[in-house]
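Trainee: I am new to this structure and would like a close look at one part of it, with the neighbouring pieces brought in where they help. Please take it slowly, and explain each term as it comes up.

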Amino acid sequence: MVNALADTSSVIASDRLSPPIPRLPARWHPLPRGFADDHRRLIHELSDGFDAPLHFVFPQIFADNVRAFQRVLDAQRVDGRILYAKKANKARCFTRATAELGIGLDAASPGEFVDGLAAGLRGDAIGVSGPAKSNELLQLALAHRALIAIDAPDELVRLGALAGAQRQTARVLLRMRPSPQSGSRFGLDESALDAAVSLCIRDAGDLKLEGFSFHLSGYCAADRGNQAAVALRACLAARARGLSPRTIDIGGGFAVSYADEDDWRTFLATQTPADYHANKQFGGGFYPYHQPRSGAAMLDAILQHVPDGETQSLSRLLERHDISLVLEPGRALLDQAGFTVFGVQGVKDQDGYGIVTASGMSFSLSEQWFDSEYLPDPELLPTARGTQTGSAASQPYRACVGGVSCLDSDMLTWRKVAFAQRPQPGDLLLYPNTAGYQMDSNESPFHALPLPPKLAVTCDAAGPHWRVDRPLPFSGA
């Protein structure tokens, strides 16, 4: 990753801006960085033409991230399957890429499942997750031989009845509830897991137990390696009871590094409540915007980990016991694969800093709706009239960024960001690396405003090419 901006210090200091102001410069992939730097006029024209905030998405980078994960699996000699967690972004170009790249899809709704089929995926390449799945989703999964992660005993009973009525056999994973997350509402505890295995033995004609799955909070590679070993041992125990599971699904939660380590540490050491509009504090805490091992490197660390009670690495245990691995990255496959631009609609001065009103809402920057803040610095893309040398507009200017709604809480950025100059109506604000969960997880046509369109950008020797990424009419995206 590279930072093309000359000013990448994590704290800005000047005569006008004192004390030092926390900054968090974003890491950038060269492709979107080059597009943002070299095609600003095009970005402005597209923003004007669509008269809305815009999400730019880059399927080429998604493909690069998939290949990085696959290289780790190959290097570790692991029989593995990648399922893209579709909930992380609704863009169809990423779903189409899963079929083109030969990976699968993790779906948690009929709409997501059908999107996968429409993109060219076979049903047996789709994994179905989520709690208390509807009969509609279970019937879709049965009809297309998808792999179904069971979250509760009653769901397994219901699936068995549907499978028996349709004279089909359901492909089943049993979702474990990891002991460190005993308070979670997801997964089967030890007694429920044992009963579920017994039901799979009794109704083997309707329920084929293919393995076990789990999801862990946090980003610790060792914890995932340890829990994977627990799931592996569950496979061996089920084999001893006459079944033949050979799959463990370790879920997602692969970390993403949005910023460099020094910048992240300096930001945390420097920022105070006074750096945020209304002295805002965040009960949800912050995402760890720098991670020592992220994406495919985190997968490599998981596979090289020697689980508690074992003498071999997880990768060798999988090979030794003929166990295949399923993983469900979402954010990590979308790392650097998109950014979002908002128009500046107005600016007002208040209490020594500015409040920029953007032509959109924080529904399109979803971190705010988890009582947190999306921290990588937004960039100002000024119009030509905002760049005159020596003008008042060219002086450094601190401002938070609010949405266009009538809600006081509708803030894209509570932090008083140090912009190089005072934003003006007609300028654009660029938020980097928003493809993973940020750009559409919580979007809503509140105030009867349209949802921001997504533009899929590909680049070759002839330059960038863009097209509107339209959802299927029945998908609800």
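Mentor: I will start with the barrel, move on to the strand and helices that can be described with it, and end with a few single residues. The model is predicted, so to speak of local features a pLDDT of at least 70 is required, while side-chain atom pairs count only at pLDDT 80 or more and totals for chains, interfaces and linings use all residues. Residues are numbered from 1 along each chain as its sequence is written, and side-chain values use heavy atoms, with hydrogens and water left out.

The barrel is closed and has eight strands, in the order β4-β5-β6-β7-β8-β9-β10-β11, with parallel pairing; here strands (E, at least two residues) and helices (H or I, at least four) are DSSP runs numbered from the N terminus, and two strands pair if DSSP finds at least two bridges between them. From one strand to the next the twist averages 30 degrees, where axes are lines fitted to C-alpha atoms (for helices over the stretch in contact) and angles run from 0 to 180 degrees between N-to-C directions. Strand β4, residues 80-85, runs parallel to strand β11, residues 324-327, and three bridges join the two. One of the places to find this pairing is R81, whose bridge partner in β11 is V326.

A helix can be placed against the barrel strands as well. Helix α9, residues 221-240, lies across β9 (207-213) and β10 (247-249), and the helix runs at about 155 degrees to β9. In the loop between α12 (314-320) and β11 you will find H321, which is buried because its relative accessible area is 18%; buried means under 20% relative accessible area, exposed over 50%, and partly exposed in between, with a 1.4 Å probe and protein chains only. Apart from its neighbours within four places in sequence, H321 is in contact (heavy atoms within 4.5 Å) with L232, L236 and R239.

Now turn to strand β3, residues 54-57, which is covered on both faces, since L54 and F56 on one side and H55 and V57 on the other are all buried. In a regular strand the side chains alternate between the two faces of the sheet. Strand β3 is joined by four bridges to strand β12 (residues 338-350), and these two run antiparallel, with V57 standing opposite G338. Three further bridges join β3 to strand β18 (residues 454-460), in this case with the strands running parallel, and here F56 stands opposite L455.

Two helix pairs come next. Helix α3 (residues 59-75) and helix α4 (residues 92-101) pack with their axes 10 Å apart and at an angle of about 45 degrees. That angle makes α3 oblique to α4, a word for whatever is left when angles under 35 degrees count as roughly parallel, over 145 as roughly antiparallel and 65 to 115 as roughly perpendicular. Their crossing is right-handed, that is, the near helix is turned clockwise from the far one by less than a right angle, whereas anticlockwise would be left-handed. From α3, the residues P59, F62, A63, V66 and R67 meet C93, F94, A97, T98 and L101 from α4. This contact divides into eight nonpolar residues, one polar and one charged, with Ala, Val, Leu, Ile, Met, Phe, Trp, Tyr, Cys and Pro taken as nonpolar, Asp, Glu, Lys and Arg as charged, and the others, Gly among them, as polar.

Within α4 lies T95, which counts as buried because its relative accessibility is 2%. Setting aside neighbours within four places in sequence, T95 touches Y84, K86, L105, D115, G116 and A119.

The second pair is helix α6 (residues 135-143) and helix α7 (residues 153-166), which pack at about 50 degrees with their axes 10 Å apart. This makes α6 oblique to α7, and α6 passes α7 in a right-handed crossing. N135, L138, Q139 and L142 of α6 make the contact with R158, L159, L162, A163 and Q166 of α7, and these residues divide into five nonpolar, three polar and one charged.

Finally, look at two loop residues. N279, in the loop between α10 (261-270) and α11 (295-304), is not a glycine and yet has a positive phi of about 55 degrees. Most residues other than glycine have a negative phi. H447, in the loop between β17 (428-431) and β18, has a positive phi too, near 60 degrees. N279 counts as partly exposed at 46% relative accessibility, and H447 counts as partly exposed at 41%.
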